[in-house]
Amino acid sequence: MSSKDEKKEFMKKVTILIDTREQKNEHITSLLGQLGVMFESRKLDYGDYSFTAEGKDFSHSCVIERKAKIDELYGNFTSDRERIEKELDTISRNAVQCTLLLEGCKGWEHLKEFQISADGAEKQGRKVRNIGATVYSTLQSWRCGNRYRFDVEFVWEREKSALKMLELFYWFWHNYKAQTAPRK
């Protein structure tokens, strides 16, 4: 079976799991609906998204933690650091694969240079405008194998977040199938 055929087959078999605490994700559920991909809301032990396929639940082995924007992540690091570190630690101790999906960011260089306006900083009561540098260095430190072991994926156009999730879940499922297939 070609990779393209296998992906089509996966799209018919997959159900995307969305944590019940996940908010403001209409752009994701809308695209999943348009693609005919099933999804369900359920309390996940960790992460915001996972999946099931062919009766196998991957919610404890492959998860995505989504952040809607750089500001949100900066806020997690500065005002809610203990909670996010505890969550990432739990994921790293239990899941095989964790991906932090950061929307509204083009990549590492964009992140490193990201600044909020003086007005934005003032409204948020922040002294720091170059929040991207803080987020960049924290992510680089935390994603290392001896810390929380997670990947970071960037989605500039948030409407494409669902596509990125499907891609990540497909490849995890593809590798799982290859590893569990009977040896010939």
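The legends below describe close-up views of a predicted model.

**View 1. The largest nonpolar core and the elements that build it.** This core holds 24 residues, of which F10, I16, Y49, F51 and F169 touch the most other members. At least two residues apiece come from β1 (14-19), α2 (26-35), β3 (49-53), β5 (62-67) and α8 (161-180), and α8 provides the largest share, with eight residues. A second core, separate from this one, has 23 residues, among them L73, A95, C98 and C105.

**View 2. Strand β1 and its two neighbours.** Six of the six residues of β1 are buried, so the strand is largely enclosed by the rest of the structure. V14, I16 and I18 point one way from β1, whereas T15, L17 and D19 point the other way; in a regular strand the side chains alternate between the two faces of the sheet. β1 runs antiparallel to β3, to which five bridges join it, and I18 has Y49 of β3 as its bridge partner. With strand β2 (residues 38-42), β1 pairs in the parallel sense, again over five bridges, and here T15 is partnered by M38. Between β1 and β2 the chain passes through α2, giving a β-α-β crossover that is right-handed.

**View 3. The surroundings of I16.** Leaving aside residues up to four places away in sequence, I16 touches L32, V37, M38, F39, E40, Y49, S50, F51, L166 and F169. I16 itself is buried, as are the other residues of β1.

**View 4. Helix α8 along its length.** The 20 residues of α8 should span 28 Å at 1.5 Å a residue, and the end C-alpha atoms lie 29 Å apart, which agrees. Buried residues of this helix are S161, A162, K164, M165, L166, L168, F169, Y170, F172 and W173.

**View 5. Aromatic contact between helices α1 and α8.** The ring centres of F10 and Y170 are 5.7 Å apart with the planes at 70°, so this pair is edge-to-face. F10 belongs to helix α1 (residues 3-13) and Y170 to helix α8, and the two are 160 residues apart. F10 counts as buried at 1% relative accessibility, and Y170 is likewise buried, with a relative accessible area of 2%. Both residues belong to one aromatic cluster, which also includes F51, F58, F169, W171, F172, W173 and Y176.

**View 6. Aromatic contact between helices α3 and α7.** F77 and W142 have ring centres 4.9 Å apart and planes at 70°, so they form an edge-to-face pair. Because F77 lies in helix α3 (residues 70-79) and W142 in helix α7 (residues 131-142), the pair ties together parts that are 65 residues apart in sequence. F77 and W142 are both buried.

Definitions and conventions:
Residues numbered from 1 in each chain as written. Predicted model: local features only at pLDDT ≥ 70, side-chain atom pairs only at ≥ 80, totals over all residues. Heavy atoms only, no water. Core = buried A, V, L, I, M, F, W, Y, C linked by side-chain atoms within 4.5 Å. Buried < 20%, exposed > 50% of the residue type's maximum accessible area, 1.4 Å probe, protein only. Helix = DSSP H or I, 4+ residues; strand = E, 2+ residues; numbered from the N terminus. Contact = heavy atoms within 4.5 Å. Pairing = 2+ DSSP bridges. Right-handed = clockwise from strand over helix to strand, strands pointing away. Expected span 1.5 Å × (residues − 1). Phe/Tyr/Trp six-rings, centres within 6.5 Å; stacked < 30°, edge-to-face > 60°.
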